[in-house]
Amino acid sequence: MKKVSKNKLFVLNFIASIVSTIINYGISFLFTPYLVRVAGSEAYGFVGLANNMVNYATIITIALSSVAGRFITIKFYQGKNEEANKYFNSVVFANIFIAVAFAIVSIPLVANLQTFISIPNNLINDVKLLFEFVVINFLITIVSDVFSVATFITNKLYLSSLGNCIASVIRVLLLWAFFGFLPTNIAYISITATICSVVLFIYNFILTKKLIPDIKPNIKEFSLEKIKELIGAGIWSSVTKLSQVLSDGLDLLISNIGVSSYAMGQLSIAYTIPTILSSVVSTVTSLFNPQQTYYYAKGDIKSVVHEIKLNMKLTGFFISVIFCGIVVYGYEFFKLWVPSENIDMIYTLSLLSIISVLVSGVATPLTSVFLLTNNLKVNSLVWLIVGTFDTIIVLIFVKFTSFGVYAVAGVSKMAMVLMYLTYLPVYAAKCLKISKKTFYPIIFRYIFNTGLMLLIFMGVKKLLPEAQNFLIFIPNCIILSLIGFIFNFIIFLNNDEKSYIIKIFVKKFKKI
């Protein structure tokens, strides 16, 4: 295979990831109104709740999966293929064991699901079937997760994105077939997701054999010592995951039990856009991880910091535009998207939940530092304390005030904003052994620029026709987006970064 330069790889990875994300969430965008209309917002809320509840199990599995890529990649770059093979196979067979254990525990829980959460009588069977396939999908993901490391090691993430695109197309066809020719059932969502996970498993297995042929499944390469080493490093990722669950992963569950299934449904709809934004941030951030890992393995901290700063600029470049667009046109969007729902409630919940995404848009790239430098302990404990405090405050508000679901959406997000602005930049810099002020200029500039952009968007909106339908709404959003991107390019980026982007996305792209 012809060797591709770093810049060309970045362009391929970036474009493929964005296309994959657009396709994936484009499906949700088009399908959600239909599901809400035919099944109701309560039923839609259970889709998010099912994914969240099964996601709690990643508190256990992430101890291995979060550090596996780092350990395997570093050994691979250091030419220690035998060691890399041991790490790979140890994770593969440990995950198989975890999947079997999780399946045994899940069976009685799903069978008696109605005793744990509030489910309308007419939805009990559908919700149970939904949860069953969410669990099956999760088991497949546990086993197949480590096979995605091949594209990470070789920095060919665009191949993973291609696989995701293929799976998304299959998902669309299956959803169309199920909902078009069979009685309505929310379980079709998890059934199609399970089928797509099987396809991706096969796809990534083939990629692993092709990209890293020296690393392959072999039970003889399993090492209990390697598992202990990985868990020792990754246990703090589990603690971090637990803190994330406490901070916002329990939101739908608390809404279901503490408020109502209706409130859960409205919150689930409101969380759609913030969830997409968080995914975009994570997608863009992940593109830099292979190169950061490479530089760190070589001891080149200066290049690591440069990559992180560029990552912060790139994620902030896009998120600030989307954030301002949601604030300005979010109400009109929800009114057109789910007209039968409580738009005032959904829009308010959306604004409360999106505040943290604004700051995470520029700060999330800093979170990779702790895994990169293997300094997870302090970070995990800090977030665990914050998450525990968040949960307690939310429960108090839900129990003793009339804020209800609004407290669920707002409290944890405000705490996260404070952490992103104070703790995260300082401790990330400390782990890299650089000045604690290193990342603040980018953060402050980003926030200031976003504030100016928001004022511009509000002014431009007054000049545009009222968005009474999508034929007017979409062009209006395109106009605002273009203004936002031009503004960011001129104001947010410095001259070197402007030249860098032009060089990569124009000159280099033409030569691919």
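Helices here are DSSP runs of at least four residues, H or I, numbered from the N terminus. With that in hand, Glu-229 of this predicted model falls in helix α9, which covers residues 224-249. How open is the spot? Glu-229 has a relative accessible area of 34%, so it counts as partly exposed, since that class sits between the 20% and 50% cut-offs. Once residues up to four places away in sequence are set aside, Glu-229 touches Phe-71 and Tyr-87. Ile-140 is another matter: 89 residues separate it from Glu-229 along the chain, and the two C-alpha atoms are 24 Å apart.

Ile-140 turns up again around Thr-194, a residue of helix α8 (residues 187-211). Leaving out neighbours within four places in sequence, Thr-194 is in contact with Ile-140, and also with Phe-133, Ile-136 and Asn-137. Thr-194 is buried, because its relative accessibility is 7% and the class takes anything under 20%.

Now for the surface. Helix α20 spans residues 470-492 and holds Ile-478. Ile-478 comes out at 47% relative accessibility and is therefore partly exposed. It is one of the residues behind a nonpolar surface patch of about 550 Å². The other contributors to this patch are Ile-474, Leu-482, Ile-486, Ile-490 and Ile-491. Why can a partly exposed residue such as Ile-478 belong to a patch? Patch members need over 30% relative accessible area, and Ile-478 has 47%, so it passes that cut-off.

Methods
Residues are numbered from 1 along each chain as its sequence is written. This is a predicted model: local features need pLDDT of at least 70, side-chain atom pairs count only at pLDDT 80 or more; totals for chains, interfaces and linings use all residues. Side-chain values use heavy atoms; hydrogens and water are left out. Patches are made of residues with over 30% relative accessible area and no salt bridge: like charges are joined within 9 Å, nonpolar side chains (Val, Leu, Ile, Met, Phe, Trp, Tyr) within 5 Å. Accessible areas come from the Shrake-Rupley method with a 1.4 Å probe; for residues, only the protein chains shown count as cover. A salt bridge is a side-chain nitrogen of Lys or Arg within 4 Å of a carboxyl oxygen of Asp or Glu. Helices (H or I, at least four residues) and strands (E, at least two) are DSSP runs, numbered from the N terminus. Buried means under 20% relative accessible area, exposed over 50%, partly exposed in between (1.4 Å probe, protein chains only). Contact means heavy atoms within 4.5 Å.
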